[in-house]
Every structure is written in structure tokens, then in C-alpha cells.
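Please look over the sequence and the three-dimensional structure shown below. The paragraphs that follow proceed from the chain as a whole to selected residues.

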Amino acid sequence: MRIRIVDAFSDRPFAGNPAGVLLLDAFPEDDWLQKVAMEVNHAETAFAHPLPAGGEADWALRWFTPVAEVAMCGHATLATAHVLHSTGVHEGPVRFATHSGVLLATPGDDGSVTLDFPTAPLTPVEVPDGVAEALGAQPLLARDTGPNIGDLLLELADEKTVLGLAPDLRALGAHSERGIIATARAEDPARGYDFVSRCFFPNVGIDEDPVTGSAHTALAPFWSERLGRTGLTGLQASRRSGRVRTELRGDRTLLSGRAVTVIDGELIT
């Protein structure tokens with residue numbers, strides 16, 4: 001079967017967030033899916049198969065890290081939509097049936113894809129004891145991001161603090177289900193982004209995720225409230241880095257970006 005590696009939330013190869021994508025006839029057993037994801041060894045591997053015509057969705061979609069299945073993944077959804085559109089397997093908007101409900105991916109004329117995801121419910125919480133020491137910086141405040149995301153969102157003092165983080169990942173994993181989103185207002189919006197973030201997910205085998213679409217369903221409402229605009233651009237400042245355009249629409253958040261296929265091969269086992 002064909003297996004592709006796609007760099008998502010990037011318009012050039014070797015940037016953004018890589019994801020494995022496999023289009024199947026049906027889902028095999030979970031153990032096989034997990035082993036393939038472990039072999040691919042990227043933050044996520046997406047598995048999709050077509051659904052009968054006339055239903056509420058066009059394709060079934062699941063996502064696996066090297067060690068666990070996750071309830072929602074933005075960059076691997078973008079990567080899957082890119083493969084479907086770039087290969088001509090599916091034209092126009094595609095509806096994915098997932099553990100987080102039906103997610104819509106719509107291709108743009110500029111080659112981008114816009115994802116329609118549920119907005120993460122943000123709940124104010126106290127900054128947990130020990131998280132500042134684990135992160136290496138004192139958060140200004142904390143937000144729980146709800147069950148689909150499972151992260152603790154932490155606002156830090158400034159962009160420089162976010163960029164300079166060198167957390168104790170083992171200690172950090174004790175403070176949330178999936179991981180930590182560290183964020184701050186952009187130092188200079190003239191650079192083309194409104195806020196900066198980094199995401200650490202040691203509990204699902206990802207020390208630092210390059211560009212996290214699902215995290216932006218929490219970052220979008222968080223920063224839209226503070227900046228007074230529904231349309232924003234976030235920079236996720238990992239070593240590979242990438243930008244995510246967000247549009248807050250109440251209980252839905254639109255995430256837009258581009259993707260590039262960098263490897264197209266054959267899985268032989």
C-alpha cells in the first residue's frame with residue numbers, strides 16, 4: 001500500500017509538521033495501526049478509508065502517535081486532505097468521521113486547506129504547583145483546554161520567554177493529560193503573526209511537536225479575546241516552525257495552512 005510523508009502547515013519541504021498518511025480500504029486491527037505509527041515515528045500518522053456515499057462523512061480518519069491513538073490532530077488531518085486533493089482521489093471539501101465528530105477540510109484556490117474544528121472550551125484553573133519549575137518559566141495564568149485537546153495552556157510573559165524554554169519534560173508530563181501549550185503575545189506583529197506558541201507532549205511520546213493544529217483550537221479563542229479580532233495568525237516556534245491562520249466562529253475554529261508531500265513510497269508489510 002502507498003504511504004506518504006507530508007509536511008503540514010508549511011509551503012516548503014522540511015518545515016512544518018511531518019505526518020504519515022495511509023489511505024486504506026478499511027481499518028485493520030489497532031495493534032497494526034499502532035505498529036505502523038511507531039515505525040513512521042513522526043508526531044502523528046493518519047489512517048483513512050472511504051465511507052459509503054450518502055452518509056454524513058466521506059472518509060473515516062484516525063490518528064496515532066508512536067505510542068498512542070489521539071482524539072484530535074490538526075496537522076495530520078491537513079496532511080490527509082492534501083493527499084486526497086493532490087492525487088485526485090477526492091475533489092472539493094472532504095468530511096472526515098473521527099473520534100471528535102465530523103471534521104471538514106476545504107481546499108483553497110491558493111493550494112491551502114482550511115480545517116473546521118470544534119473550538120476548545122477554555123476553563124480558568126490555578127497554575128499547578130511545580131509547573132513553573134518543570135517548564136523553566138513562571139506562567140501568568142493557566143487554562144484547561146477540555147477533553148478533546150487534553151492540554152494545559154499557559155500564558156508566559158513574552159515571546160522571548162517562550163522561545164527560550166528548555167523544560168524538564170518528565171516533570172512536565174505530570175501536569176496534564178496530553179501536554180503543555182506555552183504561549184505569549186507576538187513581540188512585533190509586523191512580522192506576520194499575532195502570537196507565538198510551543199507545545200510539549202511527553203505523555204504521548206512527543207517531546208516537542210513542530211506545529212500543532214489542535215492546540216490552535218484553544219489558542220484561537222484565547223488570543224481572540226485578548227486581541228479583539230476573530231482572525232489571527234499563530235507562529236509555532238519549534239525548530240521546524242510553522243504558521244497557522246485561525247478564524248474563530250463561536251464553537252468552531254477554522255485552521256488554514258498549506259502542505260507538501262516529501263516522500264511517496266510503498267509499505268510492504
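How much accessible surface does the protein chain have, and what percentage of that surface belongs to carbon and sulfur atoms? The accessible surface comes to about 11,600 Å², and carbon and sulfur atoms account for 49% of it. It should be kept in mind that this is a predicted model.

The overall architecture may be considered next. The protein chain contains six helices and 18 strands. Its radius of gyration is 18 Å, close to the 18 Å that the globule rule gives for 269 residues, so the chain is as compact as a globular protein of that length. Along its principal axes, the C-alpha trace spans about 50 × 35 × 30 Å. Of the 269 residues, 55% count as buried. Contacts between residues at least 6 apart in sequence can also be examined: 62% of these join residues at least 24 apart.

As for charge, the protein chain carries 22 positive and 36 negative side chains. The centres of these two sets lie 5 Å apart.

The cysteines deserve attention at this point. The structure holds zero disulfides. Why does cysteine 73 form no bond with cysteine 199? The sulfur of cysteine 73 is 11 Å from that of cysteine 199, the closest cysteine sulfur, and this is too far for a bond; a disulfide requires two cysteine sulfur atoms within 2.5 Å. Cysteine 199, likewise, is in no disulfide. Cysteine 73 has a relative accessible area of 4% and is therefore buried, since the cut-off for a buried residue is under 20%. Cysteine 199 also counts as buried, at 0% relative accessibility.

Cysteine 199 leads to another residue, for it is among the contacts of aspartate 207. Leaving aside neighbours within four places in sequence, aspartate 207 is in contact with Leu169, Cys199, Phe200 and Phe201. Aspartate 207 has its place in strand S14, which comprises residues 206-209. With a relative accessible area of 48%, aspartate 207 is partly exposed. A distance across the model may be added here: aspartate 207 and aspartate 25 are 182 residues apart in sequence, and their C-alpha atoms are 32 Å apart in space.

Further along the sequence is helix H6, residues 216-227. Is this helix mostly covered or mostly uncovered? Helix H6 is mostly covered, as nine of its twelve residues are buried. Among them are His216, Pro221, Phe222 and Trp223. After H6 comes glycine 228, whose phi is positive, near 75°.

Positive phi values also occur in residues other than glycine. Phenylalanine 9 has a phi near 60° and is not a glycine. The residue is found in the loop between strand S1 (2-8) and strand S2 (17-23). At 3% relative accessibility, phenylalanine 9 counts as buried. Serine 241 likewise has a positive phi, of about 65°, although it is not a glycine. Serine 241 lies in the loop between strand S15 (231-236) and strand S16 (242-249). Its relative accessible area is 21%, so serine 241 is partly exposed. Thus phenylalanine 9 is a buried loop residue, whereas serine 241 is a partly exposed one.

Methods:
Residues numbered from 1 in each chain as written. Predicted model: local features only at pLDDT ≥ 70, side-chain atom pairs only at ≥ 80, totals over all residues. Heavy atoms only, no water. Helix = DSSP H or I, 4+ residues; strand = E, 2+ residues; numbered from the N terminus. Rg over C-alpha atoms; globule rule 2.2 N^0.38 Å. Buried < 20%, exposed > 50% of the residue type's maximum accessible area, 1.4 Å probe, protein only. Contact = heavy atoms within 4.5 Å. Areas by Shrake-Rupley, 256 points an atom, 1.4 Å probe, with all protein chains shown as cover. Lys, Arg positive; Asp, Glu negative; His and termini not counted. Charge placed at Lys NZ, Arg CZ, Asp CG, Glu CD.
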